[in-house]
Amino acid sequence: DDFVDCVFTTSNPLSSIGSVSAVYANVNSNPVPIPLKHLFDLLDQEGMESGITANNLTHIWKCNTYVLRFWVNILKNPEFLFDISKSHTMDACLSVVAQALMDSCSVSEERLTRDAPAGRLLFHKDVKKYKTTIRKYFDDIRNQPPVSRQQVKQYLSKLSNRYKNALLNTQSGVNIDRVTYGLFNLVNKHSETVTECLDNTGLSHQAQTFSSIRKAVV
């Protein structure tokens with residue numbers, strides 16, 4: 001009992017300094033990214049065409065694609081974005097915040113007992129508020145004007161050029177060798193799919209070049 005009381009006492013200063021609230025502020029980003037609006041519209045359309053009337057199901061789809069697969073993944077694995085070494089303490093702290101985010105995506109009401117993991121108890125009393133925040137954000141996205149595929153392509157093209165210029169800038173501090181190595185490992189992992197896509201889109205020469213590079217490196 002003393003341990004549980006200590007857990008709840010600890011959560012108060014963490015909430016007051018905005019550590020968790022700051023995460024939700026970034027999840028509920030404004031203005032809404034164009035690709036996110038396009039993705040959510042596709043999920044809503046799929047739901048309507050499939051005759052799905054339960055809002056909870058489309059809500060789960062959106063949570064899975066945006067909150068869980070992106071934000072929770074980044075929170076638990078910051079090394080995906082930053083060149084850092086994650087300590088055990090950092091990993092434990094980030095896992096607690098990620099768990100609160102996952103609980104906020106649940107459509108069911110779960111009553112936790114004092115025997116539940118401390119990481120889930122820490123921000124459990126705030127989860128209901130965060131659930132409301134996420135639902136409101138999803139509703140706001142639904143009510144925005146639709147975006148076209150062309151708008152999505154233009155947005156991604158601008159984003160690509162922005163980071164391309166950053167990589168080419170020698171003063172940016174970006175380790176190009178590590179970035180290249182990371183990209184190669186990702187592409188190499190899905191080499192068969194990449195080669196097949198290149199062949200199917202009439203880029204057989206690029207597919208042969210890719211295969212040659214793989215054989216030389218691997």
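A salt bridge is a side-chain nitrogen of Lys or Arg within 4 Å of a carboxyl oxygen of Asp or Glu. The exercises below concern a predicted model.

**Exercise 1. Salt bridges of Lys86**

Task: Determine which residues form salt bridges with Lys86, and classify the exposure of each participant.

Solution.
- Step 1. Lys86 pairs with Glu79, and their closest N and O atoms are 3.7 Å apart. This separation is within 4 Å, so the pair meets the criterion.
- Step 2. A salt bridge also joins the side chains of Lys86 and Asp91, at 3.3 Å from N to O.
- Step 3. Partly exposed residues fall between the limits of 20% and 50% relative accessible area. Lys86 has 27% and is therefore partly exposed. Glu79, at 32%, is partly exposed, and Asp91 is partly exposed at 30%.

**Exercise 2. A salt bridge between two helices**

Task: Identify the helices in which Asp44 and Arg142 lie, and state what their pairing ties together.

Solution.
- Step 1. The structure holds seven salt bridges. One of them is formed by the side chains of Asp44 and Arg142, with an N to O distance of 3.8 Å.
- Step 2. Because Asp44 belongs to helix H3 and Arg142 to helix H7, the pair ties together parts that are 98 residues apart in sequence.
- Step 3. The relative accessible area of Asp44 is 14%, so this residue is buried. Arg142, with 36%, is partly exposed.

**Exercise 3. Geometry of aromatic pairs**

Task: Classify the ring pairs Phe40 with Phe138 and Phe70 with Trp71.

Solution.
- Step 1. A pair of aromatic rings is described by the distance of the centres and the angle of the planes. The structure holds four aromatic pairs.
- Step 2. For Phe40 and Phe138, the ring centres are 5.0 Å apart and the planes stand at 85°, so the pair is edge-to-face. The cut-off for this class is an angle over 60 degrees.
- Step 3. Phe40 lies in helix H3 and Phe138 in helix H7, so this pair ties together parts that are 98 residues apart in sequence. Phe40 and Phe138 are both buried.
- Step 4. The rings of Phe70 and Trp71 have centres 5.3 Å apart and planes at 85°, so this pair too is edge-to-face. Phe70 is partly exposed at 40% relative accessible area, whereas Trp71 is buried at 19%.
- Step 5. Phe40 and Phe138 also belong to a cluster that ring pairs form with Tyr66 and Tyr137.

**Exercise 4. The largest nonpolar core**

Task: Establish which residues touch the most other members of the largest nonpolar core, and which element gives the largest share.

Solution.
- Step 1. The core has 26 residues, and Tyr66, Leu101 and Phe138 touch the most other members.
- Step 2. Two or more residues each come from helices H2 (19-27), H3 (34-49), H4 (55-76), H5 (88-104) and H7 (124-142).
- Step 3. H4 gives the largest share, which is six residues.
- Step 4. Beyond its neighbours within four places in sequence, Leu101 is in contact with Tyr24, Val27, Val67, Trp71, Val72, Leu75 and Ile134.

**Exercise 5. Packing of H4 and H7**

Task: Describe how H4 is oriented relative to H7, and list the residues that make the contact.

Solution.
- Step 1. The axes of H4 and H7 come within 11 Å and cross at roughly 95°.
- Step 2. This crossing makes H4 roughly perpendicular to H7, because angles of 65 to 115 degrees fall in that class.
- Step 3. H4 contributes Asn56, His59, Lys62, Cys63, Tyr66 and Val67 to the contact, and H7 contributes Ile134, Arg135, Tyr137, Phe138 and Arg142.

**Exercise 6. Two loop positions**

Task: Locate Pro31 and Glu109, and characterise each position.

Solution.
- Step 1. Pro31 is found in the loop between H2 and H3. The peptide bond from Asn30 to Pro31 is cis, with omega near 0°. By way of context, most peptide bonds are trans.
- Step 2. Glu109 occupies the loop between H5 and helix H6 (118-121). Its relative accessible area is 66%, so Glu109 is exposed.
- Step 3. Glu109 and Lys128 are 19 residues apart along the chain, and 8.8 Å separates their C-alpha atoms.

Key. Residues are numbered from 1 along each chain as its sequence is written. This is a predicted model: local features need pLDDT of at least 70, side-chain atom pairs count only at pLDDT 80 or more; totals for chains, interfaces and linings use all residues. Side-chain values use heavy atoms; hydrogens and water are left out. A nonpolar core is a set of buried Ala, Val, Leu, Ile, Met, Phe, Trp, Tyr and Cys residues joined through side-chain atoms within 4.5 Å. Buried means under 20% relative accessible area, exposed over 50%, partly exposed in between (1.4 Å probe, protein chains only). Helices (H or I, at least four residues) and strands (E, at least two) are DSSP runs, numbered from the N terminus. Contact means heavy atoms within 4.5 Å. Rings of Phe, Tyr and Trp (its six-membered ring) pair if their centres lie within 6.5 Å; planes under 30 degrees apart count as stacked, over 60 as edge-to-face and the rest as tilted. Axes are lines fitted to C-alpha atoms, for helices over the stretch in contact, and angles run from 0 to 180 degrees between N-to-C directions. Angles under 35 degrees count as roughly parallel, over 145 as roughly antiparallel, 65 to 115 as roughly perpendicular and the rest as oblique.
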